[in-house]
Amino acid sequence: MPPIVSILLPTDFSIEADAAFAHGLRLAVALNAKLDIFHAEPRNDQADWRWAPNVAETLVRWGVLRRGATEADVAALGIDARRTQIVGQAAETAILNEMAASRADLIVMASHGRSGLRRWLEPSVIAPVLRHAPVPVLV
């Protein structure tokens with residue numbers, strides 16, 4: 001398997017996505033990989049990034065950085081993290097397009113574990129990504 005140098009981390013700002021963020025960030029730090037935190041907004045709304053996990057704050061909580069650390073402190077550690085958003089596309093399509101555009105070697109994303117009626121009303125985003133992504137997907 002080729003080295004992982006770029007990780008795509010789709011987020012919907014949910015609790016489940018926060019857990020995936022922690023795993024993706026730990027992998028990015030361990031592998032010295034680029035981390036692309038990505039949000040797809042199908043309805044042309046603007047994402048409220050206040051709910052997105054913050055790399056610097058997380059590294060402070062983990063004891064890697066000191067309190068008050070900035071994105072410049074994150075960059076000084078060699079962590080290349082960026083936030084991107086696609087508007088007006090279905091999430092699964094946007095994730096696969098961003099994977100290709102960012103040349104991600106790995107996708108790290110969360111599953112909501114829906115079942116029954118809820119799964120029917122809110123179809124899975126992860127299932128088509130798992131079927132069509134040419135790179136490994138960590139769920």
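The core here is an open sheet of five strands, ordered S3-S2-S1-S4-S5, with parallel pairing. Bear in mind that this is a predicted model. As background, strands in a sheet pair through backbone hydrogen bonds, and the pairing can be parallel or antiparallel.

Which strands stand at the edges? They are S3, residues 81–87, and S5, residues 137–138; each has a single partner strand, so one side of each has no neighbour in the sheet. S5 is joined to S4, residues 106–108, by two bridges, and the two run parallel. In one of these pairings, Val108 has Leu138 of S5 as its bridge partner.

Now the helices. H1, residues 15–31, packs on the sheet and touches S1 (6–10), S2 (34–41), S4 and S5. The direction of H1 makes about 170° with that of S1. H4, residues 91–102, also packs on the sheet, where its contacts are S1, S2, S3 and S4. Between the directions of H4 and S2 the angle is about 150°.

Next, the pocket. The largest pocket holds about 650 Å³ of space. It is lined by 27 residues, and the closest to its centre are Asp12, Ala91, His112, Arg114 and Val125.

Where does the lining come from? H1, S2 and H4 each supply at least two residues. S2 gives the most, with four residues. So much for the elements; by class, the lining of the largest pocket has twelve nonpolar, eight charged and seven polar residues.

To recap the overlap: S2 is touched by H1 and by H4, and these three elements each put at least two residues into the lining of the largest pocket.

Conventions
Residues are numbered from 1 along each chain as its sequence is written. This is a predicted model: local features need pLDDT of at least 70, side-chain atom pairs count only at pLDDT 80 or more; totals for chains, interfaces and linings use all residues. Side-chain values use heavy atoms; hydrogens and water are left out. Two strands pair if DSSP finds at least two bridges between them. Contact means heavy atoms within 4.5 Å. Axes are lines fitted to C-alpha atoms, for helices over the stretch in contact, and angles run from 0 to 180 degrees between N-to-C directions. On a 1 Å grid over the protein atoms alone, a cavity is a set of points where a 1.4 Å probe fits but cannot get out, and a pocket is an open set with protein on both sides within 12 Å along at least five of seven lines; lining residues have an atom within 4 Å of a point. Grid points are joined across faces, edges and corners, and a volume is the space filled by probe spheres set on the points. Ala, Val, Leu, Ile, Met, Phe, Trp, Tyr, Cys and Pro count as nonpolar, Asp, Glu, Lys and Arg as charged, and the others, Gly among them, as polar.
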